[in-house]
Amino acid sequence: MTIKLRYFAWVRERVGKPEEDIDVPAGVTTVGELMTWLASRGEEYAHAFANPQIIRAAIDRIHVKPQNPIGKASEIAFFPPMTGG
Amino acid sequence: MTAISTVRLQREPFDAAAEAKKLTRGRTDIGALVTFTGICRGSESGEPIAALTLEHYPGMAEAEIERHVAEAAERWPLLGVTVIHRHGRIMPGEDIMMVATASSHREAAFAAAEFLMDYLKTRAPFWKQIEKADEKIWVDAKATDDVAAERWAAPRGRHAAE
């Protein structure tokens with residue numbers, strides 16, 4: 001299953017790209033598991049996802065928790081806590 | 001109850017007074033209009049800043065604000081809501097965003113404006129980066145903003161039952 005990943009703010013800077021398409025490996029079923037897998041993909045990912053408990057996620061533009069299943073997501077975004085307003 | 005709502009994300013500056021006026025023009029049912037404008041400060045923790053850059057998640061930012069505007073309209077008898085949020089580079093002294101809420105009476109207008117601000121701060125996908133003379137720093141989220149947003153979660157059931 002191919003999904004689009006999007007990164008924002010310092011997560012984007014650390015990963016070094018704003019978005020990419022990935023094939024979700026077998027055994028990765030939740031957003032939290034996806035973060036763990038991403039962290040293993042290289043130095044820049046390890047840096048971006050070193051502290052997964054502070055990273056927020058959205059599936060198809062809706063906020064989700066790490067335990068949320070990936071399901072049939074087409075786009076998953078990772079970003080720091082928000083600071084708008 | 002028809003709450004006319006406007007949600008807009010834009011790079012360009014906006015005129016907060018003119019936007020607020022649009023909510024009340026030609027109407028006699030509105031008795032209260034609350035507006036909040038967030039403005040870019042020229043210093044942060046005592047240090048001068050050159051500019052602020054706001055990154056956002058296009059599509060989600062608008063949808064998230066619209067969800068909260070819809071929730072505000074369910075919880076309070078609103079007659080109009082406007083939320084405008086800028087993105088891109090913003091200079092000190094410039095407006096960053098505004099919320100305006102109109103209602104027959106002040107309680108609903110004040111409460112809805114505060115509710116929208118508290119949720120925007122913690123749930124709308126925007127990120128501020130401070131530009132200083134020699135470095136750029138991402139602004140850290142404040143725990144006090146989370147506390148402010150959480151207080152609206154408790155009375156939800158009560159409002160829903162009314």
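Which residue is the bridge partner of Val34(B) in β8(B)? In this predicted model, the partner of Val34(B) is Thr101(B). This pair belongs to the contact between β2(B) and β8(B), two strands that run antiparallel and are joined by eight bridges. A further strand, β6(B), is also joined to β8(B) in the antiparallel sense, here through seven bridges. Within that second pairing, Gly80(B) has Ala102(B) of β8(B) as its bridge partner. Strands of a sheet pair through backbone hydrogen bonds, and the pairing may be parallel or antiparallel. Strand β8(B) is mostly covered, with eight of its nine residues buried.

The same strands reappear in the surroundings of helix α3 of chain B. This helix comprises residues 106–123, 18 residues in number. From its first C-alpha to its last, α3(B) reaches 25 Å, close to the 26 Å expected at 1.5 Å a residue. Its buried residues include four alanines, Ala108(B), Ala109(B), Ala112(B) and Ala113(B). Also buried in α3(B) are, among others, Phe115(B), Leu116(B), Met117(B), Tyr119(B) and Leu120(B). Asp118(B), Lys121(B) and Thr122(B) are likewise among the buried residues of this helix. The cover over these buried residues includes three strands of chain B, namely β2 (32–39), β6 (78–86) and β8 (95–103). It also includes two helices of chain B, α2 (60–75) and α4 (143–150).

Helix α3(B) contributes to the largest nonpolar core, which holds 59 residues. The members that touch the most other members of this core are Val11(A), Ala72(B), Leu78(B), Ala112(B) and Leu116(B). The largest share of the core, nine residues, comes from α3(B).

Chain B also contains an open sheet of four strands in the order β7-β5-β9-β10, with antiparallel pairing. Its edge strands are β7 (88–90) and β10 (136–138), each of which pairs on one side only. Neighbouring strands of this sheet are turned by 25° against each other on average, direction ignored. Within the sheet, β5(B), residues 51–56, and β9(B), residues 126–131, run antiparallel and are joined by six bridges. Thr53(B) stands opposite Gln129(B) of β9(B) in this arrangement.

Attention now turns to chain A. Its secondary structure consists of three helices and five strands, which follow one another from the N terminus in the order β-α-β-α-α-β-β-β. The radius of gyration of chain A is 12 Å, close to the 12 Å that the globule rule gives for 85 residues, so this chain is as compact as a globular protein of that length. Along the principal axes, the C-alpha atoms of chain A fill a box of roughly 35 × 30 × 20 Å. Buried residues account for 32% of the 85 residues in this chain. Of the contacts in chain A between residues at least 6 apart in sequence, 53% join residues at least 24 apart.

An open sheet of five strands is found in chain A, in the order β2-β1-β5-β3-β4 and with mixed pairing. The edges of this sheet are formed by β2 (19–23) and β4 (62–64), each pairing on one side only. The twist from one strand to the next averages 30°. Strand β1(A), residues 2–7, pairs with β2(A) in the antiparallel sense over five bridges. In this pairing, Thr2(A) stands opposite Asp23(A) of β2(A).

Key: Residues numbered from 1 in each chain as written. Chains lettered and ligands numbered in written order. Predicted model: local features only at pLDDT ≥ 70, side-chain atom pairs only at ≥ 80, totals over all residues. Expected span 1.5 Å × (residues − 1). Buried ≥ 20, exposed ≤ 12 C-beta atoms within 10 Å, placed from the backbone. Contact = placed C-beta atoms within 7 Å. Pairing = 2+ DSSP bridges. Axes fitted to C-alpha atoms, helices over the stretch in contact; angles between N-to-C directions. Core = buried A, V, L, I, M, F, W, Y, C linked by C-beta atoms within 7 Å. Rg over C-alpha atoms; globule rule 2.2 N^0.38 Å.
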